[in-house]
Amino acid sequence: MHGILQTLSDAIIALISSTGLLGVALLMALESACLPIPSELIMPFAGYLVSTGQFSLIGVALAGAIGCNIGSLVAYQIGARGGRPLVERWSDKTMFGKHELDLAERFFARWGASATFVGRLLPVVRTFIALPAGIARMNPVVFHVYTFVGSFIWCLGLAWVGQLLGAHWNDSAAMKTAFHVADVVIVLAVVAALVWYLRRRRRASAVVPQDQP
């Protein structure tokens, strides 16, 4: 698992290093289109490049937020055009199953349009919140405004952390330790999510419909 995470990190770093803010926007668009590319890796590295003078903090936050809006539009359209049946068929091949869709829909039904803003500030939830918004056919203008504002705050915070750590990387042993601790936390989170997903799929496959022999 650590090797997979390292490979993903290397790919993210290489793309941002070669394409700049365009790479930041592209990666955040893919994450918001419900692909498993963690913004917790993308934005802190972009923040590190801020500490080297390559980017500005506001610039990387804007690039990330714009990318989130582009990717969210894809997920929104999937929900709006295909409705729940299409999302359910698509979710069979992902970690976002019917149970998660039910939770997201209830969350959206309870909080309405503000769920789009709040969801953008929550790990994991932020990746999928556009689907129930599309199913509910939320006003597109409001959807994009809330998505942009919430995403900008999220991207700015992560990039700021990356900038802070990067600026003190060479002169602070505590900062180096913080980076290593963050790596361990991310690895544990990925492992926990994978174990949960495999166990849920195993339980689901073990259930035999009553009308079958």
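## Reading rings, polar contacts and cores

Tutor: Let's start with the rings: a search of the whole structure finds 4 aromatic pairs. Please keep in mind that this is a predicted model.

Student: Thanks! How do I read an aromatic pair, and what kind of pair do Phe45 and Tyr48 form?

Tutor: In general, a pair of aromatic rings is described by the distance of the centres and the angle of the planes. For Phe45 and Tyr48, the centres are 6.0 Å apart and the planes make an angle of 25 degrees, a stacked pair. Planes under 30 degrees apart count as stacked, which is why an angle of 25 degrees earns that label.

Student: Where do Phe45 and Tyr48 sit relative to each other in helix H3?

Tutor: Phe45 and Tyr48 are 3 residues apart in H3, which spans residues 39-51, so about one helical turn separates them.

Student: And is Phe45 buried or exposed?

Tutor: Buried counts as under 20% relative accessible area, so Phe45, at 15%, is buried. Tyr48, with 33%, is partly exposed.

There is another stacked pair to look at, Phe148 and Phe152, with 6.3 Å from centre to centre and 20 degrees between the planes. Both residues belong to helix H9 (residues 140-167), where they are 4 residues apart, about one turn of the helix. Phe148 has a relative accessible area of 29%, so this residue is partly exposed.

Student: Let's turn to polar side chains. Which side chain does the side chain of Arg126 make a polar contact with?

Tutor: The partner is the side chain of Glu31, at 3.2 Å. A polar atom of the Arg126 side chain also lies 2.8 Å from the backbone oxygen of Arg120. Arg126 itself is located in helix H7 (residues 125-128) and, at 1% relative accessibility, is buried.

Student: Which residues surround Arg126, once its neighbours within four places in sequence are left aside?

Tutor: Its contacts then include Met28, Ser39, Cys68, Ser151 and Trp154, along with Glu31 and Arg120.

Student: Cys68 caught my eye. What does the side chain of Ser72 reach?

Tutor: The backbone oxygen of Cys68, at 2.7 Å. Ser72 is part of helix H4 and is buried, with a relative accessible area of 0%. Beyond its neighbours within four places in sequence, Ser72 is in contact with Ser32, Arg120, Ala130, Phe143 and Thr147.

Student: Now the nonpolar interior. Which residues of the largest nonpolar core touch the most other members?

Tutor: In this core of 21 residues, they are Ile12, Ile16, Ile42, Met43 and Val60. At least two core residues come from each of helix H1 (2-19), helix H2 (21-32), H3, helix H4 (57-91) and H9. H3 makes the largest contribution, with 7 residues. As for Ile12, its contacts outside the neighbours within four places in sequence are Leu27, Ile37, Leu41 and Ile42. There is also a second, separate core of 12 residues, with Ala80, Ala115, Met138 and Phe143 among them.

Student: Zooming out, how many helices and strands are there in the protein?

Tutor: The protein has 10 helices and 0 strands. Of its 213 residues, 39% are buried. Among contacts with a separation of 6 or more, 72% join residues 24 or more positions apart.

Student: And what does the accessible surface come to?

Tutor: About 11,600 Å², with 69% of that belonging to carbon and sulfur atoms.

Definitions and conventions. Residues are numbered from 1 along each chain as its sequence is written. This is a predicted model: local features need pLDDT of at least 70, side-chain atom pairs count only at pLDDT 80 or more; totals for chains, interfaces and linings use all residues. Side-chain values use heavy atoms; hydrogens and water are left out. Rings of Phe, Tyr and Trp (its six-membered ring) pair if their centres lie within 6.5 Å; planes under 30 degrees apart count as stacked, over 60 as edge-to-face and the rest as tilted. Buried means under 20% relative accessible area, exposed over 50%, partly exposed in between (1.4 Å probe, protein chains only). A polar contact is a pair of N or O atoms within 3.5 Å; within protein, one must be able to donate a hydrogen and the other to accept it, and residues adjacent in sequence count only if both atoms are side-chain atoms. Contact means heavy atoms within 4.5 Å. A nonpolar core is a set of buried Ala, Val, Leu, Ile, Met, Phe, Trp, Tyr and Cys residues joined through side-chain atoms within 4.5 Å. Accessible areas come from the Shrake-Rupley method with a 1.4 Å probe; for residues, only the protein chains shown count as cover.
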